[in-house]
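This report walks through one protein model, from its pocket to its sheet and loops. Look at the structure first, then read on.

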Amino acid sequence: MEMKKIEINDNHPLMEKENLFYKEFPSDFRQIRYFTLLIVQKAPPEIREINLLEQQISELIKNAVKHGNHSDPEKLVKVWYTFSEDYARIIIEDEGDGFKAIQEWNEFNAKRNDCLVNEDYETLSEFVSYRTEKSDDNDGGNAMFAALEYWDNGVVFTEKANCVAVGKSFHRKKTGIQMD
């Protein structure tokens, strides 16, 4: 089984912004849910998955507002996005210095996954939350753990690491009776 990890690649296809919808928001933490709903309203109901899509997008915007722009309302969060009945792609960019610990986070996540695969739950307790000196009591890297599982087309940052692109393919539900 291939280990999922955050990629760094400015030229990854998920980073392509042409023909995507675009919105930008001030970094107002209190408005994250509203900003998310403005984006998700463009998604067809078939891919909303009982609000999972909304939750994932909200977490990415929250990371940009909180960690990227430090909730400075003078700084913008820029969002490019597209949806169809079987696909979702979103790019989120902040004005911060970037998530500089991507390689360290990937190494942490690899150790965490090794513990899960090997059912080593005693050692897993050391890899429950990813924290840095900048983390507060509410931080633990859980949004990125969930993002890697949810966004099956990848989680990709730019070299500057202040812009993340994600994509997901949805399987269409078959309706009707199959006739042989």
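## The largest pocket

A pocket here is an open set of grid points, where a 1.4 Å probe fits, with protein on both sides within 12 Å along at least five of seven lines. A pocket's volume is the space filled by probe spheres set on its points. Rolling a probe the size of a water molecule over the atoms shows where empty space is left. The model examined here is predicted. Its largest pocket holds about 970 Å³ of space.

Which residues lie nearest the centre of the largest pocket? They are Asn63, His67, Gly68, Phe99 and Asp139. The full lining counts 37 residues. Helix H2 (52–68), strand S4 (87–93), helix H5 (142–150) and strand S6 (163–169) each give two or more residues to that lining. H2 supplies the largest share, with 8 residues. By type, the lining splits into 14 nonpolar, 12 polar and 11 charged residues.

## Overall build

The protein has 5 helices and 6 strands. Along the sequence they follow the pattern β-β-α-α-β-β-α-α-α-β-β. The C-alpha trace spans about 55 × 45 × 30 Å along its principal axes.

How does the radius of gyration compare with that of a compact globule? For 180 residues, a compact globule would come out near 16 Å. The protein has 17 Å, so the two agree. Buried residues make up 42% of the 180 residues.

## The annotated domain

UniProt lists residues 42–101 as "domain: Histidine kinase/HSP90-like ATPase", in an unreviewed entry. Over residues 42–101, the chain is 28% helix and 27% strand. The C-alpha atoms at the two ends of this stretch are 33 Å apart.

## The sheet

The 6 strands form an open sheet. Their order is S1-S5-S6-S4-S3-S2, and the pairing is mixed. Which strands sit at the edges? Strand S1 (7–8) and strand S2 (21–26) do, and each pairs on one side only.

Start at the S2 edge and move inward. S2 runs antiparallel to strand S3 (residues 76–84), and 6 bridges join them. One bridge there pairs Pro26 with Leu76 of S3. Next comes the S3 and S4 pair, antiparallel over 7 bridges. A hairpin of 2 residues connects S3 to S4. S4 is also joined to S6 by 7 bridges, and these two strands run antiparallel.

## Strand S4 in detail

Glu93 of S4 has named partners in both neighbouring strands. Lys78 stands opposite Glu93, and Glu93 also stands opposite Cys163 in S6. In a regular strand the side chains alternate between the two faces of the sheet.

Is S4 mostly covered or mostly open? S4 is mostly covered, with 5 of its 7 residues buried. Ala88 belongs to strand S4. Ala88 has 0% relative accessibility, so Ala88 counts as buried. The cut-off for buried is under 20%. Ala88 and Asn162 are 74 residues apart along the chain, and their C-alpha atoms are separated by 20 Å.

## Loops worth a look

Most residues other than glycine have a negative phi. Asn19 has a positive one, about 65°, although it is not a glycine. Asn19 lies in the loop between S1 and S2. Its relative accessibility is 73%, so Asn19 counts as exposed; the cut-off for exposed is over 50%.

Ser71 also has a positive phi, near 55°, and is a residue other than glycine. Ser71 lies in the loop between H2 and S3. Is Ser71 exposed or partly exposed? Ser71 is partly exposed, because its relative accessible area is 32% and that class lies between the buried and exposed cut-offs.

Asn11 is found in the loop between S1 and S2. Asn11 is exposed, with a relative accessible area of 70%. How far apart in space are Asn11 and Glu159? Their C-alpha atoms are 9.8 Å apart, although the two residues are 148 residues apart in sequence.

Technical notes. Residues numbered from 1 in each chain as written. Predicted model: local features only at pLDDT ≥ 70, side-chain atom pairs only at ≥ 80, totals over all residues. Heavy atoms only, no water. 1 Å grid on protein atoms, 1.4 Å probe; cavity = no way out; pocket = protein on both sides within 12 Å on 5 of 7 lines; lining within 4 Å. Helix = DSSP H or I, 4+ residues; strand = E, 2+ residues; numbered from the N terminus. Nonpolar A, V, L, I, M, F, W, Y, C, P; charged D, E, K, R; others polar. Pairing = 2+ DSSP bridges. UniProt positions renumbered as here; feature names shortened; annotations may be inferred. Rg over C-alpha atoms; globule rule 2.2 N^0.38 Å. Buried < 20%, exposed > 50% of the residue type's maximum accessible area, 1.4 Å probe, protein only.
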